[in-house]
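This report is written for a reader meeting the structure for the first time. Please look over the sequence and the model below before going on to the sections that follow.

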2 protein chains.
Amino acid sequence: EAVAAIEAFFAAAETPRPLAGRRVLITSGPTHEPIDPVRYIANRSSGRQGHAIAAAAARAGAEVVLVSGPVTIPDPAGVAVVRVETAREMLAAVEAALPVDVAVMAAAVADWRVATAADAKIKKDGSGAVPGLALTENPDILRTVGHHVARPRLVIGFAAETNDVIANGTAKLARKGADVIVANDVSPAGGVMGGTRNTVHILSAAGVEDWPTMDKDAVAERLVALIAARLGDLG
Amino acid sequence: EAVAAIEAFFAAAETPRPLAGRRVLITSGPTHEPIDPVRYIANRSSGRQGHAIAAAAARAGAEVVLVSGPVTIPDPAGVAVVRVETAREMLAAVEAALPVDVAVMAAAVADWRVATAADAKIKKDGSGAVPGLALTENPDILRTVGHHVARPRLVIGFAAETNDVIANGTAKLARKGADVIVANDVSPAGGVMGGTRNTVHILSAAGVEDWPTMDKDAVAERLVALIAARLGDLG
């Protein structure tokens, strides 16, 4: 029995668990915003990067809550998953998960939704007239968390940009109340949306850190190491 | 060698192949209509019903071309699959597949697309102003095929409705130039969109035939039997 305890001790010691005892909230995937019962507005996020971060945080010993929009990839191991569809549902799930030590907002949340989704399928009336889609702004989940009364000690946002990646990402740092913005170029030519690799830039008060193109799993591992280091600095 | 030939003859005879020598075109899945490089308008079609019909037609001996929008289900066995994203791409792939003996248009094609998709990600400008989404009508693929110079001898369309299922479906018969409309109720409460079961009504010049609720595979088998019977009647 003493031998087993010693073996268990060393087995646990072999796996570094720098986030043990930490509670980490991660959002991932797209949101779907209904137009009518059969149609919706979506975006090309696969959830691969957010899910990879959730898996890496769990391996690092964190208690992980993953709030995920509609994705077709499997749930990461060792993670509590809350499934949502719309931005408003995602915000509600995020606020319900607080307080946490760290929030990583990797979901591609729709900026706008249709102001009034139709109860019945919108049909062509034969006149060639097209329906107007009046949009309204969705809640800004990252900004809400970044300025929340229960603000996590570390708030990390993502900025998926197709142009002026660094400038657009840097502008989000203060506006969203984030400690770190992970900015990436999601232009179609790059294949990031839906793909398995990612080229990110880490923006913070310390400036810009360019990471090389890596598998999304490797980006996740490195981001978890960054989180552990920052939490260590915060004490 | 003679024995092997006889065995092969009886093995083939065991499987009824009522569509042997027939060329069948099937569309399936949703279409995605881009708003900008990262956002799009979509619908809840899973492609399960269309793919099941393609598989059943192939088992019945047909040469099958399946034109599919973005789906996450596997390709059916023994079928040539052409992948498309938008309604315009689907129309082009459908016209390229003609002539065929039978067209089964099971895809949930977007009625409208965004008039001018943006080249760069549309961003919030901080003013709270929302972008207008000007829509324009997509080509009507079923109607195009139903009135085509290379019109298939048998044209079968689908009508996914959330209200007045029979009336809306029947109105489509003549307007689309279809021989048969398979109408179903896709109200969210029914769970048809994305689900595995379907309750369909077969509308034709002969009137309305209500089929019981069945697995989508069973609907597909019965529809293939209907196709074989109608082709037989046509001679």
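## Polar contacts and salt bridges between the chains

Between chain A and chain B there are 16 residue pairs in polar contact, both residues being at pLDDT 80 or more; a polar contact is a pair of N or O atoms within 3.5 Å, where within protein one must be able to donate a hydrogen and the other to accept it, and residues adjacent in sequence count only if both atoms are side-chain atoms. On the side of chain A that touches chain B, the elements giving two or more residues are strand E3 (39-43), strand E8 (135-137), strand E9 (154-161) and helix H5 (165-176) of chain A, and E3(A) gives the most, with 5 residues. Helices (H or I, at least four residues) and strands (E, at least two) are DSSP runs, numbered from the N terminus.

The count of salt bridges between chain A and chain B is 10, and a search of the whole structure finds 30 over all chains; a salt bridge is a side-chain nitrogen of Lys or Arg within 4 Å of a carboxyl oxygen of Asp or Glu.

## How the model is read

This is a predicted model, in which local features need pLDDT of at least 70 and side-chain atom pairs count only at pLDDT 80 or more, while totals for chains, interfaces and linings use all residues. Residues are numbered from 1 along each chain as its sequence is written, chains are lettered from A and ligands numbered from 1 in the order in which they are written, and side-chain values use heavy atoms, with hydrogens and water left out.

## Two copies and their shared surface

Chain A is superposed on chain B by a rotation of 180° with 0.0 Å of shift along its axis, at an RMSD of 0.1 Å, the fit being by least squares on the C-alpha atoms of residues with pLDDT of at least 70 in both. The two copies are thus related as by a two-fold rotation axis, and in chain A the C-alpha nearest that axis belongs to Ile41(A), at 2.2 Å from it.

The contact, which means heavy atoms within 4.5 Å, takes 37 residues from chain A and 37 residues from chain B. Because 100% of the interface residues of chain A are also interface residues in chain B, the copies meet through the same surface. About 3,600 Å² is buried between chain A and chain B, with carbon and sulfur atoms giving 55% of that area; buried area is the accessible area (1.4 Å probe) that two parts lose on being put together, summed over both. Of the area that chain A buries against chain B, Arg44(A), Trp112(A) and Lys124(A) supply 21%, more than any other three residues.

## Glu161 and its partners

Glu161(B) forms a salt bridge with Lys123(A), with the closest N and O atoms 2.8 Å apart. The pair joins two chains, because Glu161(B) lies in strand E9 (residues 154-161) of chain B and Lys123(A) in the loop between strand E7 (112-114) and E8 of chain A. Glu161(B) counts as buried at 0% relative accessibility, whereas Lys123(A) is partly exposed, with a relative accessible area of 31%; buried means under 20% relative accessible area, exposed over 50%, and partly exposed in between (1.4 Å probe, protein chains only).

Glu161(A) and Lys172(A) meet through their side chains in a salt bridge (3.5 Å, N to O), a pair that links distant parts of the chain, from strand E9 of chain A to helix H5 of chain A, 11 residues apart. Glu161(A) counts as buried at 0% relative accessibility, and Lys172(A) counts as buried at 11%. A salt bridge also runs from Lys123(B) to Glu161(A), the closest N and O atoms being 2.8 Å apart.

## Lys176(B), Asp140 and a network

Lys176(B) has its place in helix H5 (residues 165-176) of chain B and counts as buried at 8% relative accessibility. The side chains of Lys176(B) and Asp140(B) are joined by a polar contact of 2.5 Å, and Lys176(B) touches, not counting residues up to four places away in sequence, Asp140(B), Leu142(B), Arg143(B), Gly146(B) and His147(B).

A network of salt bridges links Asp36(A), Arg39(A), Lys124(A), Asp111(B), Asp140(B) and Lys176(B). In a salt bridge across the chains, the side chain of Asp140(A) meets that of Lys124(B) (3.7 Å, N to O).
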